[in-house]
Amino acid sequence: MSYKVLKNCHLATMRADRTPYGRIEDAVIVLEKDRIVWAGQATEAPDKYQSAQHIDIGGRLVTPALIDCHTHVIFAGNRAHEFEMRLNGASYEQVARAGGGIVSTVTATRAATQDALISEALPRVDALIAEGVSTIEIKSGYGLNQEAELKMLRAARQIAQLRDIHITTTYLGAHAVPPEYTGREDAYIDEVCIPTLRLAQAQGLVDAVDAFCEGIAFQPAQVARVFDAARALGLPVKIHAEQLSNLGGAKMAAQYCALSADHIEYLDAEGAAAMAQAGTVAVILPGAFYTLRETQAPPISTLRDCAVPMALASDCNPGSSPMTSLLLTMNMACTLFRMTPEEALCGVTRNAAKALGLKDRGQIVAGARADLVVWNVEHPAELSYRIGFNPLHTRIFGGKF
């Protein structure tokens, strides 16, 4: 066996135990190829690893690699003009109803080639990688016709061939109603959204299915039809819900045992209880809250009381969260929503993995992928505390430095 032993380090394992952060001082981690085979205090390391290659981490903190579980990084163009409109008084909903918002990005994305989409996305992906991210979820949803939706999913798959990054793809055909289907939402679901989903699954392009359940997008009954199609294909679902109002989307999604319900600023106690019972993760997206200058914060205390796992994500997108920093996301969650630094770090590691249905990452435990980050910090709270500072020392992807 060819082992690597990372020695002289302190761990935030993020295991669900009684120790804050799952901390282990004076630790070692043993890697075999792309897996962790042992982690714990150096004095307890089995003798069989003594002859292995040892790598001195210099007393630094090691955490699981970060996971961005909600992004829209594949798109063309930008919406800086709409950002300016909002600052001049227009709401997100007003911009959308005037033909801006998601639809404006759809026009640019439809016109772009697959190679152009990849070229535009790579700098965003590189920014996340530079902060220790190893896994990124990428949604479609800016094509809204069969050709463009499949193009986006193929581009997302190709990102994983061009960078040392794990990509999970999510089909978000039910993101908005395209202009050619204005006033015919049901027809769009039946004629475009569901047939494209079936084709994407047949081509191996999709890992999960999402939908935007909101007054400016789709109603719960329409989303349910998409979820029925996903379930028939054996695909897990997730939902954008309760961002601008409470339509009960999260509660409905919980009936499908959704992986996650995302945004959820207007989630009520009944919806939170349903999520808890279903094991659905709450994905908190402070970038959109900040960019849209919202005032309705997600119900963090209710989520805690109901024991709903909370993940965090960048929500990187051109309109409501043009952000490519999970470290800033963590700081925003703590500052704006009063999440704790431990909750924030758990939100981009263990709970982010759960939000994607991935059981082999997000914690430093035997059997997990050897996706790790070495930080130039003394305490894991520093990762949420600092603003605009990246303390990354080394990112380890699948055991590779």
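**View 1. Buried residues of helix α6 in the predicted model.** Helix α6 buries A187, Y188, I189, V192, C193, I194, T196, L197 and A200. What covers these residues? The cover includes two helices, α5 (146–162) and α7 (220–232). It also includes two strands, β7 (166–174) and β8 (208–213). An α-helix has 3.6 residues a turn, so residues three or four places apart point the same way.

**View 2. Length and bend of helix α6.** Helix α6 covers residues 185–202, which is 18 residues. At 1.5 Å a residue, the helix should span 26 Å. Its end C-alpha atoms lie 24 Å apart, so the model agrees with the expected span. Where does α6 bend? The bend is at C193 and comes to about 25°. A proline, P195, follows within four residues. C193 is also among the buried residues of α6. After the helix comes G204, whose phi is positive, near 70°.

**View 3. Strand β9, covered on both faces.** Strand β9 takes in residues 238–241. K238 and H240 are on one side, and I239 and A241 are on the other. Are these four residues buried or exposed? All are buried, so both faces of the strand are covered.

**View 4. Pairing of β8 with β9.** The two strands run parallel and are joined by two bridges. One partner pair is C213 with A241 of β9. The chain leaves β8, passes through α7 and enters β9. This β-α-β crossover is right-handed. Helix α7 also helps to cover the buried residues of α6, and so does β8.

**View 5. Pairing of β9 with β10.** Strand β10 spans residues 260–263. How many bridges join it to β9? There are four, in the parallel sense. K238 has S260 of β10 as its bridge partner. Helix α8 (residues 249–254) belongs to the β-α-β unit that β9 and β10 form with it. That unit is right-handed.

**View 6. Cysteines without a disulfide.** The structure holds zero disulfides. Why is C9 unbonded? Its closest cysteine sulfur, in C346, is 20 Å away, too far for a bond. A disulfide needs the two sulfur atoms within 2.5 Å. C316 is in no disulfide either. For C316, the nearest cysteine sulfur is that of C69, 13 Å away. Both C9 and C316 are buried. The relative accessible area is 1% for C9 and 2% for C316.

How values were computed
Residues are numbered from 1 along each chain as its sequence is written. This is a predicted model: local features need pLDDT of at least 70, side-chain atom pairs count only at pLDDT 80 or more; totals for chains, interfaces and linings use all residues. Side-chain values use heavy atoms; hydrogens and water are left out. Buried means under 20% relative accessible area, exposed over 50%, partly exposed in between (1.4 Å probe, protein chains only). The expected span of a helix is 1.5 Å times one less than its number of residues. The bend at a residue is the angle between axes fitted to the seven residues ending there and the seven starting there. Contact means heavy atoms within 4.5 Å. Two strands pair if DSSP finds at least two bridges between them. A crossover is right-handed if, with the strands pointing away from the viewer, the path from the first strand over the helix to the second runs clockwise.
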